[in-house]
Amino acid sequence: MKCKTDQKHIDGHFKKIEIWCKANNISLIGGKEFLYCPERSTIFYNKKCGKKKIIFTLLHECGHVVIQNKKDYKKQYKTQYRALFDGRVDGSLGWRVDVLKEEFEAWKVGFSLAKEMELAIDEEEYNKCSSGFLKLYCMWVANPKEYGNM
């Protein structure tokens, strides 16, 4: 599917994502970074990015919402979940690999959500956007001191 790049369609995509978030009790707040904060039931997004990148990344953050609300989340991402209670695990290689697994899955789920919401999203462009973020996460897993907190 080609993404309609004109303002009307991009705004329509944003509106549908807003509706999905509201239906899932998630707030959307524009700011300086992209982040899903489950403790606050909030997705933060960087308002200064291009509109298409915002749409793609919001879908990805919605993917985190879906993943983290699955019944088997604790089982699928054991080390990541354990880190919430055991500081020794936080930052370990196993924890970083779990984070990376979830990041890959969130991009995949985000694209599926776009289809569910009937958003005209160009899969190639979406994958190009996700690849840029995932490349950084892969480099962070291998060298966390150089890349800091992701």
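A helix here is a DSSP run of H or I with at least four residues, numbered from the N terminus. With that in hand, the loop between helix 5 and helix 6 is where E118 is found. The model is a predicted one, and E118 makes a handy place to start reading it. Most residues other than glycine have a negative phi. E118, though not a glycine, has a positive phi of about 60 degrees. As for its surroundings, E118 has a relative accessible area of 63%, and because the cut-off for exposed is over 50%, E118 counts as exposed.

N25 tells a similar kind of story. This residue is found in the loop between helix 1 (7–23) and strand 1 (27–31). Its phi is near 55 degrees, which is again a positive value in a residue other than glycine. N25 has a relative accessibility of 64%, so it counts as exposed.

Strand 1, which follows that loop, holds G30. Is G30 buried, exposed or partly exposed? With a relative accessible area of 26%, G30 is partly exposed. Setting aside neighbours within four places in sequence, G30 is in contact with Y45 and K47. As for R40, it sits 10 residues from G30 along the chain, and the C-alpha atoms of the two are separated by 14 Å.

Next come the helices and how they pack. Two packed helices are described by the angle between their axes and the distance between the axes. Take helix 5 (93–116) and helix 6 (123–142). They pack at an angle of about 175 degrees, with their axes 10 Å apart. An angle over 145 degrees counts as roughly antiparallel, so that is the label for helix 5 and helix 6. On the helix 5 side, the residues that meet helix 6 include L93, W95, V99, L100, E103 and W107. Among their partners in helix 6 are Y126, C129, F133, Y137 and W140. Sorted by class, this contact has 17 nonpolar, two polar and three charged residues.

One residue of helix 6 worth a look is Y137. At 14% relative accessibility, Y137 falls under the 20% cut-off and therefore counts as buried. Leaving out neighbours within four places in sequence, Y137 is in contact with V99, L100, E103 and M150. Y137 and A106 are 31 residues apart in sequence, and their C-alpha atoms lie 13 Å apart in space.

Helix 2 (51–68) also packs against helix 5. Here the axes are 7 Å apart and the angle is about 110 degrees. Since angles from 65 to 115 degrees count as roughly perpendicular, helix 2 and helix 5 are therefore roughly perpendicular to each other. F56, H60, G63 and I67 are among the helix 2 residues in this contact, and E103, W107, G110 and L113 are among those from helix 5. The residues of the contact divide into 10 nonpolar, six polar and three charged.

What about helix 2 and helix 6? Their axes come within 10 Å and cross at roughly 70 degrees. That angle makes helix 2 roughly perpendicular to helix 6. K52, K53, F56, T57, L59 and H60 of helix 2 make the contact with E125, Y126, C129 and F133 of helix 6. By class, this contact splits into five nonpolar, two polar and three charged residues. E125, found in helix 6, is partly exposed, with a relative accessible area of 31%. E125 and F56 are 69 residues apart in sequence, but 9.0 Å apart in space from C-alpha to C-alpha.

Finally, there is the empty space. Rolling a probe the size of a water molecule over the atoms shows where empty space is left. The largest pocket has a volume of about 1,100 Å³. How many residues line the largest pocket? The lining has 36 residues, and L35, Y36, Q80, E103 and M150 lie nearest the centre of the pocket. Strand 2 (35–37), helix 2, helix 3 (73–76), helix 4 (78–83), helix 5 and helix 6 each give two or more residues to the lining. The largest share, six residues, comes from helix 5. In terms of class, the lining residues divide into 18 nonpolar, eight polar and 10 charged. E103 ties several of these threads together: this residue lies among those nearest the pocket centre, meets helix 2 as part of helix 5, and is in contact with Y137.

Key
Residues are numbered from 1 along each chain as its sequence is written. This is a predicted model: local features need pLDDT of at least 70, side-chain atom pairs count only at pLDDT 80 or more; totals for chains, interfaces and linings use all residues. Side-chain values use heavy atoms; hydrogens and water are left out. On a 1 Å grid over the protein atoms alone, a cavity is a set of points where a 1.4 Å probe fits but cannot get out, and a pocket is an open set with protein on both sides within 12 Å along at least five of seven lines; lining residues have an atom within 4 Å of a point. Grid points are joined across faces, edges and corners, and a volume is the space filled by probe spheres set on the points. Ala, Val, Leu, Ile, Met, Phe, Trp, Tyr, Cys and Pro count as nonpolar, Asp, Glu, Lys and Arg as charged, and the others, Gly among them, as polar. Buried means under 20% relative accessible area, exposed over 50%, partly exposed in between (1.4 Å probe, protein chains only). Axes are lines fitted to C-alpha atoms, for helices over the stretch in contact, and angles run from 0 to 180 degrees between N-to-C directions. Angles under 35 degrees count as roughly parallel, over 145 as roughly antiparallel, 65 to 115 as roughly perpendicular and the rest as oblique. Contact means heavy atoms within 4.5 Å.
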